[in-house]
Amino acid sequence: MNHPAPDFLVALEASQIGALIRQSVWIYPTANISHVIAIVLFAGAIAVMDLRLMGALAGSDPARVVRGARRAAILAFLAVLLSGGVLFVAEASHVALNPVFQIKMALIAFGFAHAVFLGNRAVRALDTLGPQAPMPSFARVSGALSMLIWIGVVGLGRYIAYN
Ligand code: HEM
């Protein structure tokens, strides 16, 4: 069954900004390339953070590595959000109805909630640990879960185009 998009999304897509993004020869491609570059930077920071939480890079100070990588991930995520927002406005009414896009957004929300609740707790627990100390089990679980979530989001993002 094909549901119509909510009015505000139809209006957003039909707005002057939506039209400008679609008509310009460079805005959409620039946002798309920026989205991919921001995703690469985000994925790199997330990989360092999650691997350290899981016990890899064991010679390094866990709190410093994880906090530094987390800051980088937050900055990269803002760029992902901005570029993704531009892509979204251009085709808001139909992309929002794409089930793959909806699952991607739900998984991003879950990833965010995980970072705020379990992730924050894991980062705080590292403050008392030195290099070579074994990681607490919930920190390992948090790292593994975060990695799975964000790999899933990247895969879903790419899959939107085929759905
Ligand atoms: C960490 C978060 C995110 C990841 C990992 C991610 C990943 C991706 C990937 C891999 C693509 C395909 C790019 C391509 O092959 O050209 C994509 C496309 C897209 N993303 Fe994201 N994305 C994220 C967040 C967002 C957000 C927050 C939004 C909206 C506000 C968004 C909106 C879009 C749109 C509209 C497309 C184009 C879909 C299409 O028509 O093919 N993304 N994303």
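How closely do the axes of α3 and α4 come to each other, and at what angle do they cross? In this predicted model, the two axes come within 7 Å and cross at roughly 155 degrees. An angle over 145 degrees counts as roughly antiparallel, and α3 and α4 are therefore roughly antiparallel to each other.

## The chain as a whole

The pair just described belongs to a chain whose secondary structure comes to seven helices and zero strands, so that, read from the N terminus on, the elements run α-α-α-α-α-α-α. The chain has 163 residues, of which 27% count as buried, and its C-alpha atoms fill a box of roughly 55 × 35 × 25 Å when the box is taken along the principal axes. If one considers the contacts in the chain with a separation of 6 or more, 81% of them are accounted for by residues 24 or more positions apart.

## Two helix pairs that share α3

Two packed helices are described by the angle between their axes and the distance between the axes. The table sets out these values for two pairs, both of which include α3.

| Helix pair | Axes come within | Crossing angle | Handedness of the crossing |
|---|---|---|---|
| α3 and α4 | 7 Å | roughly 155 degrees | left-handed |
| α3 and α7 | 8 Å | roughly 160 degrees | left-handed |

For the pair of α3 and α4, whose crossing is left-handed, the contact is made up, by class, of 25 nonpolar, five polar and two charged residues.

The axes of α3 and α7 cross at roughly 160 degrees, and these helices are therefore roughly antiparallel to each other. On the α3 side of this contact stand I39, A43, I46, D50 and L53, which meet A139, R140, S142, G143, S146, M147, W150 and V154 in α7. Sorted by class, this contact of α3 with α7 has eight nonpolar, three polar and two charged residues.

## The nonpolar cores

Which residues have the most contacts inside the largest nonpolar core? They are F42, A45, M49, A73 and A76, in a core that has 21 residues. Four helices each supply at least two residues of this core, namely α3 (27-53), α4 (62-90), α6 (99-126) and α7 (137-159). The largest share, eight residues, comes from α3.

M49 offers a closer view of the contacts: leaving aside its neighbours within four places in sequence, M49 is in contact with V66, A69, R70 and A73. Apart from the largest core lies another core, of six residues, with L9, I21, V89 and A90 among them.

## Residues in the loops

Two residues that are not glycines have a positive phi, and each can be placed in a loop. L57, in the loop between α3 and α4, has a positive phi of about 50 degrees. The corresponding value for Q132, in the loop between α6 and α7, is about 75 degrees.

Are L57 and Q132 buried, partly exposed or exposed? L57 is partly exposed, with 14 other C-beta atoms within 10 Å, whereas Q132, with 9 C-beta neighbours inside 10 Å, counts as exposed. Because a residue counts as exposed at 12 or fewer such neighbours and as buried at 20 or more, the 14 found around L57 put that residue in between.

A further loop residue is E91, found between α4 and α5 (92-95). E91 is partly exposed, with 17 other C-beta atoms within 10 Å. Although E91 and V10 are 81 residues apart along the chain, their C-alpha atoms are separated by 8.9 Å.

## Two residues of α6

Helix α6 holds M105 and also R121. M105 is partly exposed, with 15 other C-beta atoms within 10 Å, and R121 is likewise partly exposed, with 13 other C-beta atoms within 10 Å.

How far apart in space are M105 and G157, C-alpha to C-alpha? The distance is 9.4 Å, while in sequence these two residues are 52 residues apart. For R121 and L97, which are 24 residues apart along the chain, the C-alpha atoms are separated by 35 Å.

Methods
Residues are numbered from 1 along each chain as its sequence is written. This is a predicted model: local features need pLDDT of at least 70, side-chain atom pairs count only at pLDDT 80 or more; totals for chains, interfaces and linings use all residues. A nonpolar core is a set of buried Ala, Val, Leu, Ile, Met, Phe, Trp, Tyr and Cys residues joined through C-beta atoms within 7 Å. Two residues are in contact if their C-beta atoms, placed from the backbone, lie within 7 Å. Axes are lines fitted to C-alpha atoms, for helices over the stretch in contact, and angles run from 0 to 180 degrees between N-to-C directions. Angles under 35 degrees count as roughly parallel, over 145 as roughly antiparallel, 65 to 115 as roughly perpendicular and the rest as oblique. A crossing is left-handed if the near helix is turned anticlockwise from the far one by less than a right angle, and right-handed if clockwise. Ala, Val, Leu, Ile, Met, Phe, Trp, Tyr, Cys and Pro count as nonpolar, Asp, Glu, Lys and Arg as charged, and the others, Gly among them, as polar.
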